[in-house]
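Trainee: Please take me through one part of this model closely, beginning with how its strands are joined and following that thread wherever it leads. I am new to this structure, so please go slowly.

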Amino acid sequence: MNWAVKRQLFFISIFLGLIMLIIGILAVPKLIAKPTCTDTKQNGTEAGIDCGGECPNFCPFEVNSAIVLWARSFQSSTNTYNAVAYIENQNSNAAIKSIPYEFKIYDENSIIITSRKGIAFIPPNGRTPIFESTISVGNRTPVRTSFEFIGKLDWIKVDSHIIENLPIVSRDNNLINIDTTPKLTSTIVNNSFYDLFDVEVVAILYNADGNAIAASKTVIDSLAKSSSVPVFFTWSKPFGDTISTIEVIPRINIFSVAF
């Protein structure tokens, strides 16, 4: 082997060595990196890609989907309606921090009158209403209301002791002036150890057949721990049916509570 060939092989070996070094620098960190819940891979204790195991999110197959039990609209003034969707979360330790949704309101010919989009949270373990107020319908009369979630439901794990430590209840419901301008009063009691803020409270009124015939919402700006506050709901005209059951539901965003 002459000197020129040796020299050529020498430079080729240096070049290949540099290539292998670069590949090693790029590949080794990935090979030795610890699994994370954001690396778009199923690794570690994960049951799926970035979900299950030690990750904060459940995998879709580990939880039950949210159920829309019903969706309805209720007249609030001459040309406006309130829309309510009643949601059931059958997962005792899973909640949704943020999910887009859409209400659609139709007339008697199943032609859409209007729609309203929003973003909501879904608390764990139970039923909760999603409420949209003052939806304008013009001169048309709503007959049917639909509701659907838009996008993926990301279920986040919630420690069971956190749920147990948030006993927020309503009591002393009192409906008056039912023949003129109905008014509902209630008391929301915070039996937890936490100060709560921006607490949504939705009132739903049912007739003897169990059908919702009216709804309203208010917001409590601040609800101190171990305290109670009165809330009020009003309607501009009689319901046109006998009220049999009153449900007052505080909605607590578990992800906004400072534990």
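Mentor: Two strands are said to pair if DSSP finds at least two bridges between them, and with that in hand we can look at a strand of this predicted model that has several such links. Strand E3, residues 94-106, and strand E6, residues 144-149, pair in the antiparallel sense over six bridges, and one place to find this pairing is at Lys 104 of E3, which stands opposite Ser 146 in E6. E3 is also joined to strand E4, residues 112-122, by nine bridges, again with the strands running antiparallel, and here Pro 100 can serve as a marker, since the residue opposite is Ile 119 in E4. A further antiparallel link runs from E3 to strand E7, residues 155-157, by way of three bridges, where Ile 96 has Trp 155 as its bridge partner. When you follow any of these strands with your eye, it helps to remember that side chains alternate between the two faces of the sheet in a regular strand.

The connection between E3 and E4 deserves a pause. These strands form a hairpin with five residues between them, and within that hairpin Ser 110 takes a positive phi near 60°. Most residues other than glycine have a negative phi, so a positive value is worth marking as you move along the chain. Another one comes after E4, in the loop between E4 and E5, where Asn 125 is placed; the phi of Asn 125 is near 55°. With a relative accessible area of 47%, Asn 125 is partly exposed. For a further case, turn to Asp 172 in strand E8, residues 168-176, whose phi is near 60°. Asp 172 counts as exposed because its relative accessibility of 54% is over the 50% cut-off.

Asn 125 also leads us to the largest pocket, which has a volume of about 360 Å³. Of the 14 residues in its lining, those closest to the centre are Pro 123, Pro 124, Asn 125, Leu 166 and Pro 250. Strand E5 (126-136) and strand E13 (245-251) are the elements that give two or more residues to this lining. By class, the lining of the largest pocket is made up of nine nonpolar, three polar and two charged residues.

The second largest pocket holds about 280 Å³ of space, and the residues closest to its centre, out of 16 in the lining, are Gln 75, Ser 76, Trp 235, Lys 237 and Phe 239. At least two lining residues come from each of strand E1 (67-75) and strand E11 (212-223), with E11 providing the largest share, four residues. This lining divides into seven nonpolar, eight polar and one charged residues.

Trp 235 is a good residue on which to stop within that second pocket. Its place is in the loop between strand E12 (227-234) and E13, and it counts as buried because its relative accessibility, 11%, is under the cut-off of 20%. Apart from neighbours within four places in sequence, Trp 235 is in contact with Thr 181, Pro 182, Leu 184, Leu 205, Ala 214, Ala 215 and Ser 216. One of these can be followed by its backbone as well, for the C-alpha atoms of Trp 235 and Ala 215 are separated by 9.0 Å, although the two residues are 20 residues apart along the chain.

To finish, look at a pair of buried polar side chains. Asn 190 is found in strand E9, while Ser 192 sits in the loop that runs from strand E9 (183-190) to strand E10 (196-206). Asn 190 is buried at 0% relative accessibility, and Ser 192 is buried with a relative accessible area of 0%. Their side chains make a polar contact with each other at 2.6 Å. Beyond this, a polar atom of the Asn 190 side chain lies 3.2 Å from the backbone oxygen of Leu 223, and a polar atom of the Ser 192 side chain lies 3.2 Å from the backbone nitrogen of Tyr 194. Not counting residues up to four places away in sequence, the residues that Asn 190 touches include Pro 167, Ile 168, Leu 196, Leu 223 and Ala 224.

Key
Residues are numbered from 1 along each chain as its sequence is written. This is a predicted model: local features need pLDDT of at least 70, side-chain atom pairs count only at pLDDT 80 or more; totals for chains, interfaces and linings use all residues. Side-chain values use heavy atoms; hydrogens and water are left out. Buried means under 20% relative accessible area, exposed over 50%, partly exposed in between (1.4 Å probe, protein chains only). A polar contact is a pair of N or O atoms within 3.5 Å; within protein, one must be able to donate a hydrogen and the other to accept it, and residues adjacent in sequence count only if both atoms are side-chain atoms. On a 1 Å grid over the protein atoms alone, a cavity is a set of points where a 1.4 Å probe fits but cannot get out, and a pocket is an open set with protein on both sides within 12 Å along at least five of seven lines; lining residues have an atom within 4 Å of a point. Grid points are joined across faces, edges and corners, and a volume is the space filled by probe spheres set on the points. Ala, Val, Leu, Ile, Met, Phe, Trp, Tyr, Cys and Pro count as nonpolar, Asp, Glu, Lys and Arg as charged, and the others, Gly among them, as polar. Contact means heavy atoms within 4.5 Å.
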